[in-house]
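Please open the structure in your viewer and keep the sequence panel visible. The tour below proceeds by selection, one step at a time.

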Amino acid sequence: MSRSIRFDAVLVQAVIAGALSFAHLHDLAEAAGQTGWKAWAYPVSVDLLLVAAWRRLRTARRDRSAWTWFVIALTASLGANIATAGLLDLTHVPAWLRILVAGWPALAFLGGTLLVHTPTEPPAPPAQPVDETAAPEVEMHRTDEPAPDPAAPELAPAPPKPAPSAPAVPAALLDHARKIADAHQASTGSPMAADALSARLQLPAPMADAIAAELQLA
């Protein structure tokens, strides 16, 4: 099944404009001393940089480097169109224009490399729409405590925990402590204090208290 070819005026206009701009760039490059195939390569370089910058702008419109290279390529194209319109003597091209034409390949290569290899920022996630018709959620906090059930049995209070019993004192340790206390009393004339006996024996507090209670030390 054959498809009908629809006449597109915009496409035809784009082809004509591109051909004229291509020819103007070729004439300017040739007048600046770039003869042969080099003069034809200049229009291709300018147009490729212009297309690369335009494609970059489609994905990252806030990229300043893309806008910079787009303006540079557009200036080169428009400048060639204006220069070949009779405003410039192509037989006597100024030196600064020859320098610009000769340095264009390096500039175009730098711009194309930066446009292709510079990563783009990922787009921000779309904001979730807020449903204004939905009723706001209200948290309910109950302040009144439930009344006690009279039928429920009353819990008896827990019995008090028995006090920890004093540890048993070995007889040998008790005799040793008694000898130390007697020797202290014989040498000083006063009974030995409980804390002094505990420090002398270097025992835990519960064991020292039990020995002091057995010896009746204050």
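The following stops begin with the whole chain and then turn to particular helices and residues.

**The whole chain**

Display the complete chain as a cartoon, bearing in mind that this is a predicted model. The protein chain contains 7 helices and 0 strands. Read from the N terminus, its elements follow the order α-α-α-α-α-α-α. Next, colour the residues by burial: of the 218 residues in the protein chain, 22% are buried. Consider also the contacts between residues at least 6 apart in sequence; 64% of these join residues at least 24 apart.

**The loop between α1 and α2**

Select Gln34, which is found in the loop between α1 (9-31) and α2 (37-59). Is Gln34 buried or exposed? Its relative accessible area is 14%, and because buried means under 20%, Gln34 is classed as buried. Now show what surrounds this residue. Setting aside residues up to four places away in sequence, Gln34 touches Ala29, Ala39, Tyr42, Val101 and Ala102.

**Ala39 in α2**

Move on to Ala39, a residue of helix α2. Ala39 is buried, with a relative accessible area of 0%. Which residues does Ala39 contact, leaving aside its neighbours within four places in sequence? They are His26, Ala29, Glu30 and Gln34. You may also draw a distance between the C-alpha atoms of Ala39 and Ala23: they are separated by 9.8 Å, and the two residues lie 16 residues apart along the chain.

**The pair α3 and α4**

Select helix α3 (residues 64-87) together with helix α4 (residues 95-117). Their axes come within 10 Å and cross at roughly 150°. Angles over 145 degrees count as roughly antiparallel, and α3 and α4 are therefore roughly antiparallel to each other. The crossing of these two helices is left-handed. To see the contact itself, show the side chains of Ser65, Ala66, Trp69, Ile72, Ala73 and Ala76 in α3, and then add Trp104, Leu107, Leu110, Gly111, Leu114 and Leu115 in α4. Sorted by class, the contact of α3 with α4 has 10 nonpolar, 2 polar and no charged residues.

**The pair α5 and α6**

Select helix α5 (residues 171-188) and helix α6 (residues 194-201). These helices pack at an angle of about 120°, with their axes 11 Å apart. That angle makes α5 oblique to α6. As for handedness, α5 passes α6 in a right-handed crossing. Which residues meet here? From α5 there are His176, Ala177 and Ile180, and from α6 there are Leu197, Arg200 and Leu201. By class, this contact of α5 with α6 has 4 nonpolar, 1 polar and 1 charged residues.

**The two sides of α6**

Keep α6 selected and turn the view so that you look down its axis. The buried residues of α6 are Ala194, Leu197 and Leu201. These buried residues fall within an arc of 65° as seen down the axis, so they line one face of the helix. The spacing illustrates a general rule: an α-helix has 3.6 residues a turn, so residues three or four places apart point the same way. Now rotate to the face of α6 turned away from its buried side, where the exposed residues Asp195, Ala199 and Arg200 are carried. Finally, select Gln202, which follows α6 and has a positive phi, near 55°.

Definitions and conventions
Residues are numbered from 1 along each chain as its sequence is written. This is a predicted model: local features need pLDDT of at least 70, side-chain atom pairs count only at pLDDT 80 or more; totals for chains, interfaces and linings use all residues. Side-chain values use heavy atoms; hydrogens and water are left out. Axes are lines fitted to C-alpha atoms, for helices over the stretch in contact, and angles run from 0 to 180 degrees between N-to-C directions. Helices (H or I, at least four residues) and strands (E, at least two) are DSSP runs, numbered from the N terminus. Angles under 35 degrees count as roughly parallel, over 145 as roughly antiparallel, 65 to 115 as roughly perpendicular and the rest as oblique. A crossing is left-handed if the near helix is turned anticlockwise from the far one by less than a right angle, and right-handed if clockwise. Contact means heavy atoms within 4.5 Å. Ala, Val, Leu, Ile, Met, Phe, Trp, Tyr, Cys and Pro count as nonpolar, Asp, Glu, Lys and Arg as charged, and the others, Gly among them, as polar. Buried means under 20% relative accessible area, exposed over 50%, partly exposed in between (1.4 Å probe, protein chains only). The arc is that of the directions from the helix axis to the C-beta atoms.
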